[in-house]
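Here is a pair of chains to look at with some terms in hand. Each question asks how a label is earned.

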Amino acid sequence: MSEELAVRMIGITKRFPGVIANDNVDFELRTGEIHVLLGENGAGKTTLMNILIGLYTKDSGEIYVWGRKVEILSPQDALRLGIYMVPQTPKLVRSMTVLENIVIGLKKAGIILPTRRAKKWIEDIAKSYYVLVDIDAPVYRLSASEQKRVEILKALVRHAKILIFDEITATLSPSEKADMFKFMRKFARSGGSIVFVTHKIGEVFEIGDRVTIMRKGKVVGTFDVSEVTADRLTELMFGRRIVVDVPHERAIPRDVALKVEDLWVEDDGFQSVRGISFSLRFGEILGVAGIAGNGQRELIEAIVGIRKPSRGRIYVNTNGKLMDITDKPTGWRIKNGLSYIPEDRIRYGIVPGMSVAENLLLGFQGCGEIVNSFVIRWDYVRSWADNIIRRYGIVAPSVDAPVRHLSGGNIQKLIVARELERKPRIIVAFNPTLGLDVRSMKYVWEILVRMKQKGVAILLVSEDLDEIFRLSDRILVMSEGEVRGIFDREEADINIVGRLMSRAK
Amino acid sequence: MLRFVIRRREKELSYAVSSAVAILVSIILSLLILLFFRINPIMAFVKGFLGPLITLHGWASIFYNGLILLLCGVGLVIAFRAGVWNIGAEGQLLMGAIAATWVAIYLIPDAPPLVLIPAMFALGFVFGGLWGLIAGILKSELNVNEVLSTMMLNYVAYQLVYYLVMGPWANPLTNYPVSKPFPENAWLLRFSGPLPISLPTLIIGILMVIFTHFLLFNTKLGYEIRAVGSNPDAARAYGISQQKVIVISMFLSGGMAGLAGVHAVAGGLLMPQLRRPEQISRGFGFIAILVAWLAGINPIPVIFTSILMGLIFLAGYVIQVLFARGLGVTNVFTGVMLLVLSIADTFRRYRISIEFHGLRRMRAG
């Protein structure tokens with residue numbers, strides 16, 4: 001029984017503009033197993049699972065479920081085959097009760113919702129799988145973990161046989177996590193199959209029967225959990241250290257450019273950054289290594305001035321002295337030598353509806369040569385922009401073309417060009433090469449190194465460990481909003497850093 | 001299995017195309033709806049749409065409506081460009097009307113027209129602008145949804161006009177809820193060319209269109225307005241103050257609606273005086289949303305879409321009077337147009353096709 005394949009995906013390929021999210025991926029899920037799908041952010045795990053549940057259509061490849069070849073075009077198709085994904089953030093109607101949420105769209109529940117029989121039936125299912133939740137409570141009163149249980153109940157009631165959990169443990173407390181794992185084992189014992197998507201290596205050993213590791217859109221190995229070690233997984237997940245082909249020379253210690261002192265930053269009531277302190281010197285790249293969602297975004301937004309820290313101070317070197325800029329607005333910081341290369345380049349880096357020239361203008365709209373007492377000198381701007389796109393090799397039809405028509409790599413080049421044109425003294429770069437092809441990636445790396453050699457201070461926050469190790473002079477490891485360690489690059493070991501990153505406290 | 005597939009167009013259709021199609025389709029649909037009330041749609045079209053075009057009075061009415069819509073519409077272009085959904089042009093217009101009445105009857109009734117008329121427009125702008133500013137500040141400081149606040153401020157302005165014409169500003173010589181008539185120096189139609197069209201409003205209207213175009217596309221502030229409206233996250237990340245943009249755009253937007261209010265009370269064929277609110281603006285502040293939208297949220301095309309909507313509004317009114325007493329024909333027209341226009345906007349950006357997946361699966365299997 002256990003050798004029978006629940007799911008078999010063969011040669012799955014999925015391209016997005018500028019990126020191959022899944023590159024000829026093979027994946028097998030046996031009946032009755034808990035299969036961990038391990039990888040960094042952007043490795044292609046979620047894309048693969050979205051193809052399996054019909055949210056994305058694959059470009060090529062074949063899918064077999066219970067040995068039969070299938071085309072899954074929508075989540076409804078997937079559910080008919082018994083496949084259900086428990087989403088990262090529950091998708092429930094908050095004003096309705098748990099019971100109402102579960103029976104929505106269920107034919108069996110009858111026309112008048114919800115019948116007493118339906119209620120009894122659901123309660124029985126809940127009890128037999130240890131999924132305990134008050135089914136008459138309105139959803140808005142439930143905690144995040146209870147809402148996840150409701151999602152599981154929805155799946156069970158719909159007779160799902162293959163469950164996909166995408167980063168399910170992110171917001172769970174240890175005891176809630178234990179409950180969740182208890183349910184998973186029970187579900188697998190009674191013949192169900194589970195794909196457990198995660199980037200935490202520790203969880204592989206806690207819950208997995210087998211593990212498949214993905215890196216940069218490809219599967220790099222599948223193992224029985226009993227046959228593999230944490231070090232081996234780290235190496236597969238983050239890749240071997242390749243000889244650095246970007247010129248690297250040890251930075252000469254200079255003055256402190258940016259100093260962060262006991263910084264606490266909140267996101268939606270949650271302390272995402274918890275007492276971080278570090279200093280960054282001119283002519284140095286400080287790499288911040290960490291897995292997505294461990295407070296990096298909030299840290300950066302506080303430094304750039306988009307988010308107010310709840311505690312702590314930020315200092316910047318101005319005219320040789322450290323100045324407290326914690327309360328200065330973003331515009332002031334940009335004018336005083338701070339450049340920002342944001343993570344989500346479409347959302348934070350550009351204004352998609354505007355032209356190339358208008359996007360290069362972002363943050364420059366107050367500068368003397370460009371604005372003549374409130375009026376923008378478009379002739380000047382257009383020749384200035386034309387000069388920039390030529391110097392930085394940005395491929396664009398013209399400076400008047402809408403920026404959204406540019407490729408991802410060229411959009412990033414445009415952002416980098418704009419930020420360098422500010423003549424910055426400090427650059428904050430957040431995942432600057434995420435999703436870029438190799439050539440654009442090398443281009444961005446070379447520019448960052450060149451700026452460093454010119455004495456610019458660079459804070460490089462990246463989920464790509466390879467990038468961190470190639471470029472940084474020092475490496476700060478961040479996890480759960482705290483500093484887990486700061487290493488000189490020469491003494492840093494990728495396995496130790498990797499483990500510090502993915503180790504929950 | 002049959003399914004609709006919606007794909008983003010590589011190149012969006014232009015607003016000129018989608019708006020023209022939308023106007024045509026909605027006029028045809030609206031006329032067809034008249035069939036349900038046993039009204040001959042061809043007759044209705046001839047009388048309603050062609051009728052006004054062959055009389056002087058018709059043109060006067062088209063432009064009277066059109067100029068109100070032009071001023072409200074161009075103001076809304078600024079707000080919409082900033083990503084602020086100002087639904088309150090109606091109330092801002094009424095505040096402009098109040099300002100005009102105050103200036104003309106109480107503040108400087110004896111001033112010569114060269115002083116009086118600019119003063120009416122100036123104060124109309126300020127009143128309308130301040131009315132918009134209330135919603136702007138509520139949004140920028142307290143994050144109050146501007147759709148709700150501007151909507152509710154409409155009712156406040158509405159009641160304020162009612163109070164004035166029934167109470168302190170009521171004309172003692174009549175029982176109708178109206179103010180005293182404006183002094184003749186304040187009658188905008190005294191300054192018209194061969195057609196009975198208010199020249200002062202026409203000039204101000206064109207100036208506002210040019211001003212708005214220049215503001216949006218040639219100034220630092222306009223750049224910031226467009227950046228915030230199109231991607232507030234990126235604008236914030238590079239130091240553009242969203243608060244400032246919201247407040248200023250609401251003030252300008254309301255101010256222009258205020259100008260429309262001055263014209264609405266002082267620029268028509270009726271005796272210039274403050275009247276009941278529904279007689280000052282028959283929903284122009286809402287129709288102006290269509291005007292701005294038909295223009296693709298661009299100032300210059302507002303000149304055409306506002307006059308066109310002026311005609312459509314008048315046509316609805318004529319048909320209502322001639323064929324269908326008691327039926328809100330203008331409401332049918334604008335309602336249908338709103339619906340068609342939202343659909344047209346989807347077609348403008350997306351290509352919609354039908355695919356048969358079942359066949360492909362059969363072939364593959």
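**Labels and their cut-offs**

Q: What covers the buried residues of helix H8 (residues 230-238) of chain A?
A: The cover includes E3, H7, strand E9 (210-215), strand E10 (218-224), helix H16 (465-471) and helix H17 (494-502) of chain A. Helices (H or I, at least four residues) and strands (E, at least two) are DSSP runs, numbered from the N terminus. Contact means heavy atoms within 4.5 Å.

Q: What are these values based on?
A: This is a predicted model, in which local features need pLDDT of at least 70 and side-chain atom pairs count only at pLDDT 80 or more, while totals for chains, interfaces and linings use all residues. Residues are numbered from 1 along each chain as its sequence is written, chains are lettered from A and ligands numbered from 1 in the order in which they are written, and side-chain values use heavy atoms, without hydrogens and water.

Q: Which residues of H8(A) are called buried?
A: They are A:Leu233, A:Thr234, A:Leu236, A:Met237 and A:Phe238. Buried means under 20% relative accessible area, exposed over 50%, and partly exposed in between (1.4 Å probe, protein chains only). After H8(A) comes A:Gly239, with a positive phi near 90 degrees.

Q: Why is B:Asn65 called buried or exposed?
A: Its relative accessible area is 2%, so B:Asn65 counts as buried. B:Asn65 sits in helix H3 (residues 56-81) of chain B. Apart from neighbours within four places in sequence, B:Asn65 touches B:Arg282, B:Phe284, B:Gly310, B:Phe313 and B:Leu314.

Q: Why is A:Asn319 called buried or exposed?
A: A:Asn319 has a relative accessible area of 77%, so it is exposed. A:Asn319 lies in the loop between strand E14 (311-318) and strand E15 (321-324) of chain A. Its phi is positive, about 50 degrees, although A:Asn319 is not a glycine.

Q: How do you know that the span of helix H6 (residues 174-189) of chain A agrees with its number of residues?
A: The expected span is 1.5 Å times one less than the number of residues. For the 16 residues of H6(A) that gives 22 Å, and the end C-alpha atoms are 23 Å apart, so the two agree.

Q: Which residues of H6(A) are buried, and why are they said to line one face?
A: A:Lys177, A:Met180, A:Phe181, A:Phe183, A:Met184, A:Phe187 and A:Ala188 are buried. Seen down the axis, they fall within an arc of 160 degrees, so they line one face of the helix. The arc is that of the directions from the helix axis to the C-beta atoms. An α-helix has 3.6 residues a turn, so residues three or four places apart point the same way.

Q: What makes the pair A:Glu358 and B:Arg226 a salt bridge?
A: A salt bridge needs a side-chain nitrogen of Lys or Arg within 4 Å of a carboxyl oxygen of Asp or Glu. In this pair the closest N and O atoms are 2.6 Å apart. Between chain B and chain A the count is two salt bridges.

Q: What area is buried between chain B and chain A?
A: About 2500 Å² is buried, and carbon and sulfur atoms give 58% of it. Buried area is the accessible area (1.4 Å probe) that two parts lose on being put together, summed over both. B:Lys220, B:Tyr223 and B:Tyr238 supply 32% of the area that chain B buries against chain A, more than any other three residues.
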